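Take a moment with the sequence and the fold. The paragraphs below go from one hairpin to the sheet, then to the cores and the cysteines.

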Amino acid sequence: MIKAIFFDVDGTLIAHQLSDVPKSTRNSLNRLREKGIKIFISSGRHKNELLELPVKDIMFDGYITLNGHVCLNENKEYVYGNPFPKEIQEELIKIFSNKEFPMVLVENEKFYINFCDERVSYVQKQINTPLPLVDIYREKEIFQATMFIDKEEEKKMKHEIPKGCKFARWNPYGVDIISEQGGKVEGMKYFLNKFNIKQDEIMSFGDGENDIDMLKFSKIGVAMGNAFDEVKEISDYITDDVDQDGILHALQHFGLL
């Protein structure tokens, strides 16, 4: 029996062509909660971004943000965090300061970028999000970093990012840098323990490479029709696109609605 479902945000809950959460998805989420199934956001986004996105008025039982590095309760209050160790943080700050590529440093309360270019503008427009603030590092804990690079540039940077980190791609030109031991699964484990839910009682939906671990960890991992090919390959089920009622159709397929 499925007792909890984890949802990615961009390209999964939000159809960026519509700049909104499809009506069928909103209704599905409400019906799941009415049936007693817990629902969670599981995203690489910062909490400040979630407050500005179309999901802000939907009630969830918890929030996994920053790819599992920070978890929030149903009231969007901080309940769990896993910042980078000091030595990794120092190496990331060096890369940030070198300004070879646009790079965001993400703290618990805010995030900022070293510089913006046309690629940053393009990606942020795709996800209906304003340009990040351009700023400098001010000696706060870092939970995640983001680079605006393509896959070829990622191959180069794999040899430059600190040992103990890995890339989690969410856009052809956007990739998060997270702990090698981290990822959305770490946040999922926090909530499973909190609500006494077993691994074989969960389902998840995603579309990006940073969702792969989450889908593989779940009893049922669903790839959206608009998902990356790599995500579809590892999923248990491929549903329709986000803007073609994909979430509703998958929930119906598995008899949850």
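How many residues lie between β3 and β4 in their hairpin, and which residue in the turn has a positive phi? This is a predicted model, and the answer is read from it. The hairpin of β3 and β4 leaves 4 residues between the strands. L66 sits in the turn, with a positive phi of about 50°.

Look at the two arms of that hairpin. Strand β3 covers residues 62-65, and both of its faces are covered. G62 and I64 are buried on one side, Y63 and T65 on the other. In a regular strand, side chains alternate between the two faces of the sheet. Strand β4 spans residues 70-72 and pairs with β3 in the antiparallel sense, over 3 bridges. Y63 has L72 as its bridge partner in β4. On the pairing with β2, the sense is parallel, again over 3 bridges. There, Y63 in β3 is the bridge partner of I41.

Now widen the view. The hairpin strands belong to an open sheet of 8 strands, in the order β5-β4-β3-β2-β1-β11-β12-β13. Pairing in this sheet is mixed. Its edges are β5 (78-81) and β13 (237-238), each of which pairs on one side only. Strands of a sheet pair through backbone hydrogen bonds, either parallel or antiparallel. Strand β1, residues 4-7, runs parallel to β2, residues 38-42, and 4 bridges join them. At this pairing, A4 stands opposite K38 in β2.

A helix crosses part of the sheet. Helix α9, residues 246-253, lies across β1, β11 (202-206), β12 (220-223) and β13. Its direction is at about 150° to that of β11.

What fills the interior? The largest nonpolar core has 39 residues. Within it, I5, F7, V55, M203 and F205 touch the most other members. Helix α9 gives the most to this core, with 3 residues. Another core lies apart from it, with 20 residues, including I93, I95, M147 and F167. In soluble globular proteins, nonpolar side chains tend to be buried together.

V55 shows how such contacts gather. Not counting residues up to four places away in sequence, V55 touches V9, L13, I14, V21, I41, L50 and F60. I41 is also the residue whose bridge partner in β3 is Y63.

Follow one of those contacts, L13. Its place is in the loop between β1 and α1 (23-34). Is this loop residue buried or exposed? L13 counts as buried, because its relative accessibility is 1%. Leaving aside neighbours within four places in sequence, L13 is in contact with F7, D8, D20, V21, P22, T25, L29, I41, V55, F60, V242 and I247. Sequence distance is bridged here too: L13 and F205 are 192 residues apart along the chain, yet their C-alpha atoms are 8.8 Å apart in space.

Last, the cysteines. How many disulfides are there? The count comes to 0. Why does C71 form none? The closest cysteine sulfur to that of C71 is in C165, and at 18 Å it is too far for a bond. The sulfur of C165 likewise has C71 as its closest cysteine partner, so the 18 Å between them rules out a bond. C71 counts as buried because its relative accessibility is 0%. C165 is buried as well, with a relative accessible area of 7%.

Technical notes:
Residues are numbered from 1 along each chain as its sequence is written. This is a predicted model: local features need pLDDT of at least 70, side-chain atom pairs count only at pLDDT 80 or more; totals for chains, interfaces and linings use all residues. Side-chain values use heavy atoms; hydrogens and water are left out. Two strands pair if DSSP finds at least two bridges between them. Helices (H or I, at least four residues) and strands (E, at least two) are DSSP runs, numbered from the N terminus. Contact means heavy atoms within 4.5 Å. Axes are lines fitted to C-alpha atoms, for helices over the stretch in contact, and angles run from 0 to 180 degrees between N-to-C directions. Buried means under 20% relative accessible area, exposed over 50%, partly exposed in between (1.4 Å probe, protein chains only). A nonpolar core is a set of buried Ala, Val, Leu, Ile, Met, Phe, Trp, Tyr and Cys residues joined through side-chain atoms within 4.5 Å. A disulfide is a pair of cysteine sulfur atoms within 2.5 Å.
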